Structure formats: structure tokens, C-alpha cells
Amino acid sequence: MAATQKRDYYDLLGVTRAVDDRALKAAYRKLAMQYHPDRNPGDAEAELRFKECTEAYEVLRDPQKRAAYDRFGHAAFEGRGAAGPGFGNDFASAMSDIFDEFFGGARGAGPRPGGGRTRGSDLRYNLEIHLEDAHQGKRVTIQVPTSSTCEVCEGSGSRPGTEPVACPTCHGAGRVRVSQGFFTLERTCVTCAGRGQVVRDPCTTCGGSGRVARERELSVDIPAGIEDGTRIRLAGDGEAGLMGGPPGDLYIFLSIRPHDFFQREGADLYCRVPISMARAALGGSVEVPSIDGEKARVKLPEATQTGRQFRLRGKGMPLLRSSQIGDMYIEVAVETPQNLTRRQRELLTEFEEISSTENHPESHGFFSRAKEFFDNLSQ
């Protein structure tokens, strides 16, 4: 077909020259399904339209070819076989991204054959520890329900003395070929599930799977400084593979229980310590717990206010796989007395009466500014 006799590629696909890739593919898919030879057996005109649409799509889907066509038209491909009716490699390339849409993902779907062996699944185990365990590090023993290689058949799935045989359907390939009109597609063999082998005389212990369910006891090392949400991978400790395949991995997801005293931020610990109003005013010292199990003494100066922090160096968490240690911060909260006796009320009333602005500079400053604010509003 001469270049001058060819229809415009955009007209063939029913799109404008400004069409984007997504709309171009949708237009081609619609026409290709309409004129596909499988849907129009013996219809030469439909077959020709199918070839023309495919040729147009192959050119316009490629940015370089499309740019050449937009500039020179069909002349850009004369003598070079852009995607002629012969259905060569360019045609296969053009069709590769819509095979799945035509035939439900048959092309390249399913597992590849691997001598009958299939890798076991990965497993997840949720482990909760105390903050003290994360501080010091610890070895813990866990019980993991999983599947292990069958010891009777050594994972082959066959009764001792026998072996799996090649699948009679795919002859050991794990895949079978299916014809779809002009195309030959491969699909996973349903008989052997892509493994290429079948067990004719299954092991009575595992039923032919090569693995049995059991609970395993594992020791897990928790390093010092580990953080909440850390994932630990134990290679090969997951589910056993089918028919002697390699095992999966075990992933331990770590969580740290909330602590009664400490809040953690990275390597630092924070502890909120309530003190009496009198101690905050007069000063003194308090003993607080530390994460290493010892006591720490904090000296409070006179007029200590709520929210003030005191830093204890080296009393925090260790950094993971490091010799550095974080700090502990003591945050003071002044507690207002409750359930006062008559005498206590009298003393506090007397104290309030003899107090001056120097005793409460912050509250005095606040209410002075508030008074000025309201005075300005009333003017």
C-alpha cells in the first residue's frame, strides 16, 4: 500500500493530534477489540482494519515515531517498515501492553517453574517488651506457630522411596501454550500450579506438601537502644517451602509498653515530677527513679515554677549500636494543695494578704496588662 493511499493515523484511531497517551491507548483498545479476527472470523475487511489500527497505534505510541509522522506524514516511514501488515517484531511490541486487557493477564501470569519447589511465606510476629528491656537489651524466647519441612519425606512431598514426577499436562515446563487467534500465549499449568512436577504417591505425614504445621521456639536478641516500631528480620525462620523449597523469613515487629514514669523521645527520657507549693517556693531536693533502677537526686532552687526542666546527663537511653547515651529530663509540676484544714486555710489567707507583687510578678504582670486591655476597649 503506497504511502499516499494510507489513511491518516489519527483518523484511523478516531483521535485528534493533541491526544495524550492514555486516550490513545483507550481508542486503540476499543477498535482492536471491535475488529479483532477472533471476533470476526472470515471477515477480511475487519482483519484489514485491525492491521491498520495496530500499525497506526505502533507509530503514535512511540514519541520519536509520532514526532516524525507529525512532521513528514507517511513518508517518514517509506521503505523502513514501521509496522507493516507482516506482523513482525514492531507489531508484537505494539501489542505487548494490551495483552493483559484482552486476555485477562494470561501473558506472563503465574509462577515460573522451579523443579516443583516453592519458597515458603514470610511470617510476622508481634513482640511487646518493657522500656527497661529496650534500655538494657535482652534475649527473649518466643513460640511461633509455623510450618516446618516434613522430616519423613525430607520436604519432597512423596512417600519415602518415591520421587515427584514430571507433570503430564505441561511435561515439566510449568506452563502451557494457548492459541488466541493470531497469537500463542503461555499460561500457568493448572495441574501442577506452575511447579512442573506432581506427587503421585504422597507422603502420609504431610499429605504431599512437604511440610507440617508445628510451633517453633526461637531466641531473639533485643539490642540495647532499640526503638518502638523496629522490625527485626530472621532470615529462613519463616514458613517452610513446598516440596523442599526454601523457607521464608520471620519478621518481628517490636512495640514498647507505655512506662509508668518515663516518656521517650529518641535517646532522651522525660519524667514529670509533682512537687508541693511549699517545696517549690522554699526549694529543696527530690529523689526520682531512673531507667537503670537507681535513684537520682534533683536539687530544686527557691521559687521553682511549673514546667521547669532539670537535665540529668547520661541517664537516658543508649543509642542503638553506639556507646553514646541520652539524658533524662525532670519536668516539675507544682501541685495546688487540696482538702485544706481550717488552720491551713487561715495560713494561706494570711499569706495572700501579706503577699506583694514581688512575690507573684508573673500573675501581677498578666492582670496589669489585662486591665489595660479592657480600659482601651472601653474608650
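Visitor: Leaving aside neighbours within four places in sequence, which residues is isoleucine 330 in contact with?
Guide: This is a predicted model. Isoleucine 330 is one of the two residues with the most contacts inside the largest nonpolar core. Beyond its sequence neighbours, its contacts are Cys271, Val273, Val288, Val298, Arg308, Gln309, Phe310 and Leu312.

Visitor: How many residues does the largest nonpolar core have?
Guide: In soluble globular proteins, nonpolar side chains tend to be buried together. Here, Ile222 and Ile330 have the most contacts inside the largest core. A second, separate core has 20 residues, including Leu13 and Tyr69. The largest core has 35.

Visitor: Which residue in E15 is the bridge partner of cysteine 271?
Guide: Strands of a sheet pair through backbone hydrogen bonds, either parallel or antiparallel. Strand E11 covers residues 268-276 and pairs with E15 in the parallel sense, over 8 bridges. For cysteine 271, the bridge partner in E15 is isoleucine 330.

Visitor: Which strands are the edge strands of the open sheet of 4 strands?
Guide: The order in this sheet is E10-E11-E15-E14, and the pairing is mixed. An edge strand here pairs on one side only. That picks out strand E10 (262-265) and strand E14 (309-312).

Visitor: What does the twist average from one strand to the next in that sheet?
Guide: The sheet is open and has 4 strands. From each strand to the next, the average twist is 30 degrees.

Visitor: Is valine 332 buried or exposed?
Guide: Valine 332 sits in strand E15, residues 328-335. Among its contacts beyond sequence neighbours are Val273, Leu300 and Phe310. Its relative accessible area is 2%, under the 20% cut-off, so valine 332 is buried.

Visitor: What distance separates the C-alpha atoms of valine 332 and arginine 272?
Guide: Along the chain, these two residues are 60 residues apart. In space, their C-alpha atoms are separated by 6.0 Å.

Visitor: How many disulfides does a search of the whole structure find?
Guide: A disulfide is a covalent bond between the sulfur atoms of two cysteines. For cysteine 150, the nearest cysteine sulfur is that of cysteine 153, 3.7 Å away. The sulfur of cysteine 153 has its closest cysteine sulfur in cysteine 206, at 3.7 Å, which is too far for a bond. The search total is 0.

Visitor: Are cysteine 150 and cysteine 153 buried or exposed?
Guide: Relative accessibility is 1% for cysteine 150. For cysteine 153, the relative accessible area is 6%. Each value is under 20%, so cysteine 150 and cysteine 153 are buried.

Visitor: What span should helix H10 have at 1.5 Å a residue?
Guide: Helix H10 has 18 residues, 361-378. Its end C-alpha atoms are 26 Å apart, which agrees with the expected span. That expected span is 26 Å.

Visitor: How many buried residues does H10 have among its 18 residues?
Guide: H10 is hardly covered. Its count of buried residues is 1.

Visitor: Is glutamate 154 buried or exposed?
Guide: Glutamate 154 lies in the loop between strand E2 (138-149) and strand E3 (165-166). Its phi is near 55 degrees, a positive value in a residue other than glycine. With 67% relative accessibility, over the 50% cut-off, glutamate 154 is exposed.

Visitor: What is the relative accessible area of alanine 303?
Guide: Alanine 303 is in the loop between strand E13 (295-300) and E14. Its phi is positive, near 60 degrees. Alanine 303 is partly exposed, and its relative accessible area is 47%.

Key. Residues numbered from 1 in each chain as written. Predicted model: local features only at pLDDT ≥ 70, side-chain atom pairs only at ≥ 80, totals over all residues. Heavy atoms only, no water. Disulfide = S-S within 2.5 Å. Buried < 20%, exposed > 50% of the residue type's maximum accessible area, 1.4 Å probe, protein only. Helix = DSSP H or I, 4+ residues; strand = E, 2+ residues; numbered from the N terminus. Expected span 1.5 Å × (residues − 1). Contact = heavy atoms within 4.5 Å. Core = buried A, V, L, I, M, F, W, Y, C linked by side-chain atoms within 4.5 Å. Pairing = 2+ DSSP bridges. Axes fitted to C-alpha atoms, helices over the stretch in contact; angles between N-to-C directions.
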